[in-house]
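Grab a pencil and open the viewer. Each exercise below sets a task and then walks you through the solution.

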Amino acid sequence: MPSSSSSDLHSGRSRRSFLRLAGLAAAVPLLSETQLAHAALLEPQAATPLHTIPKSSHRHGGRASKLAGAIPADAVFINANENPMGPSPAAIAAIAAAAAKGGRYDPANYVDTLTDLVAKQNGISPESVAIYAGSTEPLHFSVLAFTSPTRPYVMADPGYEAGATAALDSGAKVIRTALTKDYAHDVKAMVNASPDTGLIYICNPNNPTGSLTSRADILWALENKPAGSVLLVDEAYIHLSKAESVVDQVAAGKDIIILRTFSKVYGMAGIRAGLALGRPDLLDMLARNGGNMLPTTALAAAIASLSDPELVPRRRKAIADTRNATLNWLDNNGFKYIPSDSNCVMVETGRPSREVIMALQAEKVYIGRPWPILPTHIRITVGLPEEMEKFQTAFAKVMGKTPVMTS
Ligand SMILES: Cc1ncc(COP(=O)(O)O)c(C=O)c1O
């Protein structure tokens with residue numbers, strides 16, 4: 001049973017959060033980038049259908065456990081769309097300060113402070129903000145809440161697979177629609193996929209392609225989706241791109257939930273904080289599937305991150321600079337890729353992707369898992385400049401090229 005300080009329970013809003021947290025516990029594993037990446041490491045030869053992901057990946061998020069001894073210390077990890085810059089200095093200072101007060105559940109009313117800050121910055125009411133330990137939980141809970149054996153889950157292909165795992169538990173049919181020729185979500189195909197759809201999932205920018213879907217297309221989907229369905233827009237990578245948010249649709253009271261995470265631009269994947277933004281009645285449906293209080297360290301770091309107006313533009317530029325240098329190198333060396341406006345890029349190899357993944361591992365470079373619909377593409381995450389240089393050297397070797405090193 002989650003706990004709250006007494007000051008928490010006195011405010012109506014915190015009481016609402018408390019009641020949300022008091023829902024039934026979820027009975028299925030939550031899978032995110034790290035578990036999917038970990039599964040690919042543990043069983044690199046397997047096709048890794050979601051339901052056969054090794055149990056140890058459910059329990060341990062990280063890449064350690066069984067592989068700890070096998071992974072060289074100087075390996076490069078560009079396999080889980082993490083941000084190698086880590087938390088900002090202000091966030092680290094806030095974590096230290098919060099840790100010292102960690103004997104209490106919420107010693108400084110961090111929950112309400114973060115809720116109010118998010119609400120203010122996004123032009124929505126505090127009741128439309130739910131805080132989670134990352135966006136994996138609200139993504140999973142959305143699928144449990146709005147899909148069922150008679151209400152399908154609709155997603156793009158290639159797309160971020162985690163919601164399809166939850167659909168295994170809700171019993172929903174998963175309908176995958178191809179991206180358009182510009183690698184946007186095909187909103188017409190998604191909307192027309194079934195008259196009974198329970199949840200349509202749009203990830204903008206998309207993972208794994210880093211491609212964008214226009215605001216106009218997302219609004220069209222919102223207006224034309226089947227009656228009774230909900231649109232779930234995953235904005236995990238939005239701050240890294242020029243994609244336009246649709247968070248204003250929350251304030252407009254539409255059937256939409258927006259997911260945000262502190263794992264990407266804010267570099268807090270291991271600290272764990274994320275958000276679901278939506279109408280209170282929709283958020284209550286999510287909360288019936290589970291939830292927990294966040295560590296105060298995570299809450300404090302999230303508040304510090306949102307309080308620095310320079311952080312997002314600075315990091316967006318740093319990641320874009322490294323991405324563009326990498327794309328330049330790929331161009332100069334004759335490699336093709338899907339245009340990306342995010343921190344991941346799908347590179348065409350002309351070979352079975354698993355073979356290239358394994359060959360890069362032998363060079364101590366760990367990249368993303370394969371996506372069956374793009375059998376010869378590999379996904380690389382934009383790491384630090386020096387990590388991308390190691391990738392370039394290894395990739396040229398694996399592909400049998402003498403590299404042109406100018407980036
Ligand atoms: C599209 C997308 N959504 C959600 C998540 C979940 O991340 P987290 O639980 O760290 O917020 C990820 C992780 O990589 C992701 O790529």
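Here come four exercises on this structure, after a quick word on the model. This is a predicted model, so to speak: local features need pLDDT of at least 70, side-chain atom pairs count only at pLDDT 80 or more, and totals for chains, interfaces and linings use all residues. Residues are numbered from 1 along each chain as its sequence is written.

**Exercise 1: The ligand**

Find out how many residues surround the ligand, and sort them by class.

Step 1. Pick out the residues near the ligand, meaning those whose C-beta atom, placed from the backbone, lies within 6 Å of it. You should get 16 residues, and the closest are Glu33, Gly134, Thr136, Thr261 and Ser263.

Step 2. Now sort them. Ala, Val, Leu, Ile, Met, Phe, Trp, Tyr, Cys and Pro go down as nonpolar, Asp, Glu, Lys and Arg as charged, and the others, Gly among them, as polar. The shell comes out as 5 nonpolar, 9 polar and 2 charged residues.

**Exercise 2: The core**

Work out which residues have the most contacts inside the largest nonpolar core.

Step 1. You need "buried" before anything else: 20 or more other C-beta atoms (placed from the backbone) within 10 Å of a residue's own, while 12 or fewer makes it exposed and anything in between partly exposed. A nonpolar core is then a set of buried Ala, Val, Leu, Ile, Met, Phe, Trp, Tyr and Cys residues joined through C-beta atoms within 7 Å.

Step 2. The largest such core has 109 residues, and Tyr153, Leu299 and Ala301 have the most contacts inside it. Its largest share, 7 residues, comes from helix H13 (residues 296-306); helices (H or I, at least four residues) and strands (E, at least two) are DSSP runs, numbered from the N terminus.

Step 3. Zoom in on Tyr153. Leaving out residues up to four places away in sequence, Tyr153 touches residues including Val143, Ala164, Val174 and Leu199, where contact means C-beta atoms, placed from the backbone, within 7 Å.

**Exercise 3: Unusual backbone spots**

Locate two cis peptide bonds and two positive phi values outside glycine.

Step 1. Start with the prolines. The bond from Asp157 to Pro158 is cis, with omega near 5°, and Pro158 lies in the loop between strand S3 (153-157) and helix H8 (162-170). The bond from Asn207 to Pro208 is cis too, with omega near 25°; look for Pro208 between strand S5 (199-203) and helix H10 (215-224).

Step 2. On to phi. Tyr183 has a phi near 70° and sits in the loop between strand S4 (174-178) and helix H9 (187-191). Tyr183 is buried, with 20 other C-beta atoms within 10 Å.

Step 3. Arg272 has a positive phi of about 80°. Arg272 is in the loop between strand S7 (256-261) and strand S8 (274-278), and it is buried as well, with 21 C-beta neighbours inside 10 Å.

**Exercise 4: Strand S7**

Decide whether S7 is enclosed or open, then find the strands that pair with S7.

Step 1. Count the buried residues: 6 of the 6 in S7 are buried, so S7 is largely enclosed by the rest of the structure. Ile256, Ile258 and Arg260 point one way, while Ile257, Leu259 and Thr261 point the other.

Step 2. Check the pairing, which takes at least two DSSP bridges between two strands. Strand S6 (residues 230-234) pairs with S7 in the parallel sense over 4 bridges; Asp234 has Leu259 as its bridge partner in S7.

Step 3. S8 pairs with S7 in the antiparallel sense over 5 bridges, and the partner of Thr261 in S8 is Gly274.

Terms used. Contact = placed C-beta atoms within 7 Å.
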